[in-house]
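Welcome! Take a moment to look over the sequence and the model below, and then we can walk through them together.

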Amino acid sequence: MQWAFRSRSGTILLISPRTGAWRVRNHKPKQWTKGEVQMLIKMVNVGSTAGEIATELGGYIASVKRVARDMGFLLRSERRAAQRRRPISRL
């Protein structure tokens, strides 16, 4: 069991309650490879959702949304994508 404290700079201090020893862990987002960025661009252009892209790349939806937003892309919402796939029933 560890106690974790977040400093003002965003680093996390992990403190062992038994020994009192501590270590610092810095949470930086991982750097995307050129291949991952190219796959993101292709899938956005096709109209894939953030969930589909995250599944394909093996990452998290939040990181896909963050990188897409930083690149200036607007991703479709999951709800709109589901409505589009639903067959239209005619009376």
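## A word on pockets

Before we start, one term will help: a pocket here is an open set of grid points with protein on both sides within 12 Å along at least five of seven lines. A pocket's volume is the space filled by probe spheres set on those points.

With that in hand, please keep in mind that this is a predicted model. In it, the largest pocket has a volume of about 170 Å³.

## The chain as a whole

What does the chain look like when it is read along the sequence? The pattern is β-β-β-α-α-α-α, and the secondary structure comes to four helices and three strands.

The protein chain has 91 residues, and 23% of them count as buried. If we take the contacts with a separation of 6 or more, residues 24 or more positions apart account for 31% of them.

## Where α1 meets α3

Let us turn to helix packing, beginning with α1 and α3. The axes of these two helices come within 11 Å and cross at roughly 80°. Angles of 65 to 115 degrees count as roughly perpendicular, so α1 and α3 are roughly perpendicular to each other. On the α1 side, the residues that take part are Val37, Leu40 and Ile41, and they meet Val64, Val67, Ala68 and Met71 in α3. By class, this contact has seven nonpolar residues, no polar and no charged ones.

Leu40 is a good residue to pick out here, and it sits in helix α1. Is Leu40 buried or exposed? Its relative accessibility is 0%, and buried means under 20%, so Leu40 counts as buried. Setting aside neighbours within four places in sequence, Leu40 is in contact with Trp32, Ile53, Val64, Val67, Ala68 and Met71. Leu40 can also be compared with Ala50: the two are ten residues apart in sequence, and their C-alpha atoms are 9.3 Å apart in space.

## Where α2 meets α3

Helix α3 (residues 61-71) also packs with helix α2 (residues 50-57), at an angle of about 110° and with the axes 8 Å apart. That angle makes α2 roughly perpendicular to α3. Which residues make the contact? From α2 come Ala50, Gly51, Ile53 and Ala54, while α3 provides Ile61, Val64 and Lys65. Sorted by class, there are five nonpolar residues, one polar and one charged in this contact.

Another residue of helix α2 is Glu52. Glu52 has a relative accessible area of 30%, and so it is partly exposed. From Glu52 to Val64 is twelve residues in sequence and 9.9 Å in space, C-alpha to C-alpha.

## A buried serine in a loop

Between α1 (34-46) and α2 there is a loop, and Ser48 lies in it. With a relative accessibility of 11%, Ser48 counts as buried. What does Ser48 touch, not counting residues up to four places away in sequence? Its partners are Met43, Ile53 and Leu75.

## Back to the largest pocket

We can now return to the largest pocket and see what surrounds it. Eleven residues line it, and those nearest its centre are Lys30, Trp32, Gly59, Tyr60 and Ser63. Which element gives the largest share of this lining? That element is α3, with three residues.

The lining of the largest pocket can be sorted by class as well: five of its residues are nonpolar, three are polar and three are charged. Trp32, one of the residues nearest the pocket centre, has appeared before, as a contact of Leu40.

Notes
Residues are numbered from 1 along each chain as its sequence is written. This is a predicted model: local features need pLDDT of at least 70, side-chain atom pairs count only at pLDDT 80 or more; totals for chains, interfaces and linings use all residues. Side-chain values use heavy atoms; hydrogens and water are left out. Axes are lines fitted to C-alpha atoms, for helices over the stretch in contact, and angles run from 0 to 180 degrees between N-to-C directions. Angles under 35 degrees count as roughly parallel, over 145 as roughly antiparallel, 65 to 115 as roughly perpendicular and the rest as oblique. Contact means heavy atoms within 4.5 Å. Ala, Val, Leu, Ile, Met, Phe, Trp, Tyr, Cys and Pro count as nonpolar, Asp, Glu, Lys and Arg as charged, and the others, Gly among them, as polar. On a 1 Å grid over the protein atoms alone, a cavity is a set of points where a 1.4 Å probe fits but cannot get out, and a pocket is an open set with protein on both sides within 12 Å along at least five of seven lines; lining residues have an atom within 4 Å of a point. Buried means under 20% relative accessible area, exposed over 50%, partly exposed in between (1.4 Å probe, protein chains only).
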